[in-house]
Amino acid sequence: MSAAVPWYREVSRSQWTSMAAAWIGYLLDGFDFVLITLVLTEIAEEFDLSTTAAASLVSAAFITRWLGGALLGAMGDRHGRKPAMIASILLYSLGTFACGFAWNYFSLFTARLLIGMGMAGEYSASATYVLESWPARLRNRASGFLISGYAGGTILASELYTWVVPHWGWRWMFWIGVLPVFVALWVRRALPEAADWRQEVAAGDGARPNPFAPLFTGRWRARLNTALAVAASAALFCVFTPVGAGWRWPLSLLAAGCLVAFAAQLGGRRGWPLYTALTVTVFCAFLYSWPIQALLPTYLKSELGYAPGEVADVMFYAGFGTMAGCWLAGFAGDRLGTRRAYACALLASLAFVFPVFAVRDSLVGLGVLLFLLLALSQGISGILPKYLAGHFPARTRAASLGFVYNTGALGGAVAPVLGADLAGRMPLGRPLAVLTFGLTLMVVVLVGGDVPRRLGRLTDPSGAVDHLVPGRPLSVPGASVEETGGGPPARGTPAA
């Protein structure tokens with residue numbers, strides 16, 4: 001029997017370089033996105049906004065995510081993961097820079113739409129790039145390491161907040177966000193293309209995938225889907241701005257109908273239940289996670305009366321907890337199986353939800369509880385890309401992952417507005433705790449019960465295959481690299 005080989009030796013230097021480049025992009029993605037949550041109270045004061053209107057600025061970046069995820073994901077499938085990564089970084093960096101020049105609510109809201117487009121593409125392009133570049137048996141670890149970059153960006157932003165905003169004002173936080181443009185240029189020069197994508201194109205005799213072909217086969221279908229895209233975008237804009245006051249429920253139903261129509265067409269007759277169920281799962285995941293992510297700084301400043309330095313300290317605990325949780329999630333996913341690790345971590349996180357919002361006078365106590373809560377509840381999302389991407393073949397993986405994840409991410413648009421609206425009738429901490437607890441349970445049922453795969457098999461019996469680990473069932477644990485001595489897994493041995 002060959003000697004045990006540490007798992008990290010199974011990853012080549014070029015694969016580590018790919019991870020580092022994508023991780024930096026994710027770090028800057030998290031930095032750019034979290035800025036709005038840190039300076040929400042300052043913006044609300046300058047533009048004279050209510051808590052709900054200010055929270056809708058967080059939601060703005062989610063409105064365009066479904067479109068950005070689909071378009072940039074399709075770009076990644078057709079032209080390669082690397083160009084899509086670069087385009088995404090450029091979009092969210094320039095959008096963040098534009099936020100610093102906002103002169104009113106609507107100008108800032110519009111700049112946030114651009115950030116959402118770039119963030120969506122970053123998720124699908126970087127996740128598929130890294131997952132397809134790393135060894136198959138280590139792809140949960142790859143997923144966890146990658147997503148930890150986002151948490152690193154939140155830590156960096158919270159630390160900068162303590163000295164940038166008090167001295168120079170909130171606009172400078174956004175102007176600093178242009179820095180990722182230079183990272184994009186470095187990424188373009190340094191990285192090879194993802195191995196799985198190259199193999200897929202080669203297997204197709206060089207023919208480039210076109211994941212949007214089902215939407216534009218025929219003049220009338222093309223016109224109809226263009227109209228649906230316009231209607232969905234307009235409806236979402238109205239729902240999350242004062243423009244749609246009094247019409248939010250009808251407009252929400254219109255947007256949902258348009259997006260379900262896209263999911264049905266992209267999934268086809270065999271795949272539409274899977275696409276829809278995965279989208280609902282992601283929607284609920286954002287609903288449980290984003291009340292805290294979006295409104296925690298507001299809660300700390302407005303309800304607990306914390307100073308900027310204290311807010312930064314608490315956000316450091318929260319961000320580092322999420323980062324550590326992402327690292328551990330990767331190992332747990334490879335050891336227990338993606339789905340089992342996800343559900344168990346979420347169940348454990350429920351023990352910390354209400355205690356977090358019961359602590360009021362202990363900065364250290366609150367920080368420790370937030371560290372534990374977010375390590376389990378947010379950190380486990382580090383393996384969400386692996387969970388989702390395993391359902392899709394390489395040929396359409398980036399577009400499918402981009403659409404499913406970023407359409408479901410509309411839960412992140414609903415969450416802060418819902419939390420802020422409930423806060424108008426009760427202390428902010430209470431709705432944050434209730435939303436987090438209840439919706440975490442919902443995700444435990446969906447993921448732990450394997451609901452998306454079970455629904456998908458009703459129309460597509462072959463849907464049990466994990467496309468990221470060919471020939472294996474989805475989310476089944478397998479032997480570690482150390483246990484197998486670094487060699488390839490034996491036929492029939494689960495690997496992920």
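The following exercises, each with a worked solution, concern a predicted model of a single protein chain.

**Exercise 1. Overall composition**

Determine how many helices and strands the chain contains, and characterise its burial, contacts and accessible surface.

Solution.
Step 1. The secondary structure comprises 21 helices and two strands.
Step 2. The chain has 496 residues, and 58% of them are buried.
Step 3. Among contacts with a separation of 6 or more, 81% join residues 24 or more positions apart.
Step 4. The accessible surface amounts to about 18900 Å². Carbon and sulfur atoms contribute 67% of that surface.

**Exercise 2. Salt bridges between helices**

State how many salt bridges the model has, and examine the pairs E42 with K301 and R171 with E46.

Solution.
Step 1. The general principle is that side chains of opposite charge can pair when their charged atoms come close.
Step 2. The criterion requires a side-chain nitrogen of Lys or Arg within 4 Å of a carboxyl oxygen of Asp or Glu. Under this rule the model has eight salt bridges.
Step 3. One of these joins E42 and K301, with an N to O distance of 3.5 Å. Because E42 belongs to helix α2 and K301 to helix α12 (residues 248-302), this pair ties together parts 259 residues apart in sequence.
Step 4. The two partners fall into separate burial classes: E42 is partly exposed, with a relative accessible area of 21%, whereas K301 is buried at 16%.
Step 5. In the second pair, the closest N and O atoms of R171 and E46 are 3.0 Å apart. R171 lies in helix α8 (residues 171-175) and E46 in helix α2, so the bridge ties together parts that are 125 residues apart in sequence.
Step 6. E46 has a relative accessibility of 43% and therefore counts as partly exposed.

**Exercise 3. A salt-bridge network**

Identify which residues are linked in a network of salt bridges with R397 and E132, and describe the R397 and E132 pair itself.

Solution.
Step 1. The side chains of R397 and E132 form a salt bridge with an N to O distance of 2.8 Å.
Step 2. This pair links distant parts of the chain, 265 residues apart: R397 is in helix α17 (residues 397-408) and E132 is in helix α6 (residues 105-133).
Step 3. Both R397 and E132 are buried.
Step 4. The network of salt bridges consists of D77, R81, E132 and R397.

**Exercise 4. A buried charge without a salt bridge**

Establish where D29 lies, and which side chain of opposite charge is nearest to D29.

Solution.
Step 1. D29 is part of helix α1 (residues 13-38).
Step 2. D29 is buried but takes part in no salt bridge.
Step 3. The nearest side chain of opposite charge is that of R65, 6.6 Å away. For comparison, the salt-bridge cut-off is 4 Å.
Step 4. Setting aside residues up to four places away in sequence, D29 touches Y92, M119, E122 and Y150.

**Exercise 5. Positive phi at two aspartates**

For D48 and D450, give the phi angle and decide whether each residue is buried or exposed.

Solution.
Step 1. D48 is not a glycine, yet its phi is positive, at about 55°. D450, also not a glycine, has a positive phi of about 55°.
Step 2. D48 occupies the loop between α2 (40-47) and α3 (51-63), while D450 occupies the loop between α19 (429-448) and α20 (451-459).
Step 3. D48 has a relative accessible area of 70% and is therefore exposed. D450 has a relative accessible area of 4% and is therefore buried.

**Exercise 6. Two leucine environments**

Describe the settings of L259 and L90, stating for each whether it is buried or partly exposed.

Solution.
Step 1. L259 is in helix α12. Its relative accessibility is 6%, so L259 counts as buried.
Step 2. Beyond its neighbours within four places in sequence, L259 contacts W66, A232, F403, T407 and L410.
Step 3. L259 and L67 are separated by 192 residues in sequence, and their C-alpha atoms are 9.9 Å apart.
Step 4. L90 is in helix α5 (residues 81-99). With 31% relative accessibility, L90 counts as partly exposed.
Step 5. Together with L94 and L114, L90 makes a nonpolar surface patch of about 220 Å².

Key: Residues numbered from 1 in each chain as written. Predicted model: local features only at pLDDT ≥ 70, side-chain atom pairs only at ≥ 80, totals over all residues. Heavy atoms only, no water. Patch = residues over 30% accessible without salt bridge, like charges linked within 9 Å, V, L, I, M, F, W, Y side chains within 5 Å. Areas by Shrake-Rupley, 256 points an atom, 1.4 Å probe, with all protein chains shown as cover. Helix = DSSP H or I, 4+ residues; strand = E, 2+ residues; numbered from the N terminus. Buried < 20%, exposed > 50% of the residue type's maximum accessible area, 1.4 Å probe, protein only. Contact = heavy atoms within 4.5 Å. Lys, Arg positive; Asp, Glu negative; His and termini not counted.
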